[in-house]
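Let's reason through a few structural labels together. Each answer sets a value beside its cut-off and then draws the conclusion.

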Amino acid sequence: MESNKPTKAMNIFLEGQPATVTHQSGTKICNHRTYKTSALKKWELTLHYGLLPFKPKAPLEGPICLQVEFGFKANRRKDINTYKLTRPDTDNMIKTLKDAMTKLDFWHDDAQVCHEICSKIYTDKPGIKIQILPMDTTKEE
């Protein structure tokens, strides 16, 4: 089996307004069954096709640092590069993204993401900036 430990940063930009639906808000329970709303299914499909051209040849090995910035279209010029303080929450947004990346075999399991930085801002160019960085297997003091 060929090792695919990332040796340098992988940078991805998915252009377009991020969806505000997340795994948390897009999952419903009815008659003791859990199902995904059509909005969540559509967002997962959008992520899938957006990420597909960046898929590594083999799943990445070892610990990974994931940095994500969700950029939302600013309604006012003065809001550009300010933080978005309203929903959705970053933890719910990044879960949907990591699940999509796991399904595409960016890594074996999203448990490999040992360090993550996630932010959401207003911008004039909406989209999702993703950076995948390799990490050493031991934490330096």
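Q: What does "buried" stand for in this predicted model?
A: A residue is buried when its relative accessible area is under 20%. By that cut-off, seven of the 10 residues in strand S4 are buried, and S4 is mostly covered.

Q: Why is Gly71 called buried?
A: Gly71 lies in strand S4, residues 64-73. Its relative accessible area is 4% and the cut-off is under 20%, so Gly71 counts as buried. Beyond its neighbours within four places in sequence, Gly71 is in contact with Gln17, Pro18, Ile121, Thr123, Pro126 and Gly127.

Q: How do you know that S4 pairs with S5?
A: Pairing takes at least two bridges, and S4 has 10 to strand S5 (residues 113-123), so the two strands pair. They run parallel, and one of the bridges links Glu69 with Ser119 in S5. Between these strands the chain passes through helix H2 (residues 90-103), in a right-handed β-α-β crossover.

Q: What makes S6 a partner of S4 as well?
A: Eight bridges join S4 to strand S6 (residues 127-134), and at least two are needed, so this is a pair too. Here the strands run antiparallel, and Gln67 has Gln131 in S6 as its bridge partner.

Q: Why is Leu45 described as partly exposed?
A: Leu45, found in helix H1 (residues 38-51), has 48% relative accessibility; exposed would need over 50% and buried under 20%, so Leu45 falls in between. Together with Tyr49 and Leu52, Leu45 makes a nonpolar surface patch of about 310 Å².

How values were computed:
Residues are numbered from 1 along each chain as its sequence is written. This is a predicted model: local features need pLDDT of at least 70, side-chain atom pairs count only at pLDDT 80 or more; totals for chains, interfaces and linings use all residues. Side-chain values use heavy atoms; hydrogens and water are left out. Patches are made of residues with over 30% relative accessible area and no salt bridge: like charges are joined within 9 Å, nonpolar side chains (Val, Leu, Ile, Met, Phe, Trp, Tyr) within 5 Å. Accessible areas come from the Shrake-Rupley method with a 1.4 Å probe; for residues, only the protein chains shown count as cover. A salt bridge is a side-chain nitrogen of Lys or Arg within 4 Å of a carboxyl oxygen of Asp or Glu. Helices (H or I, at least four residues) and strands (E, at least two) are DSSP runs, numbered from the N terminus. Buried means under 20% relative accessible area, exposed over 50%, partly exposed in between (1.4 Å probe, protein chains only). Contact means heavy atoms within 4.5 Å. A crossover is right-handed if, with the strands pointing away from the viewer, the path from the first strand over the helix to the second runs clockwise.
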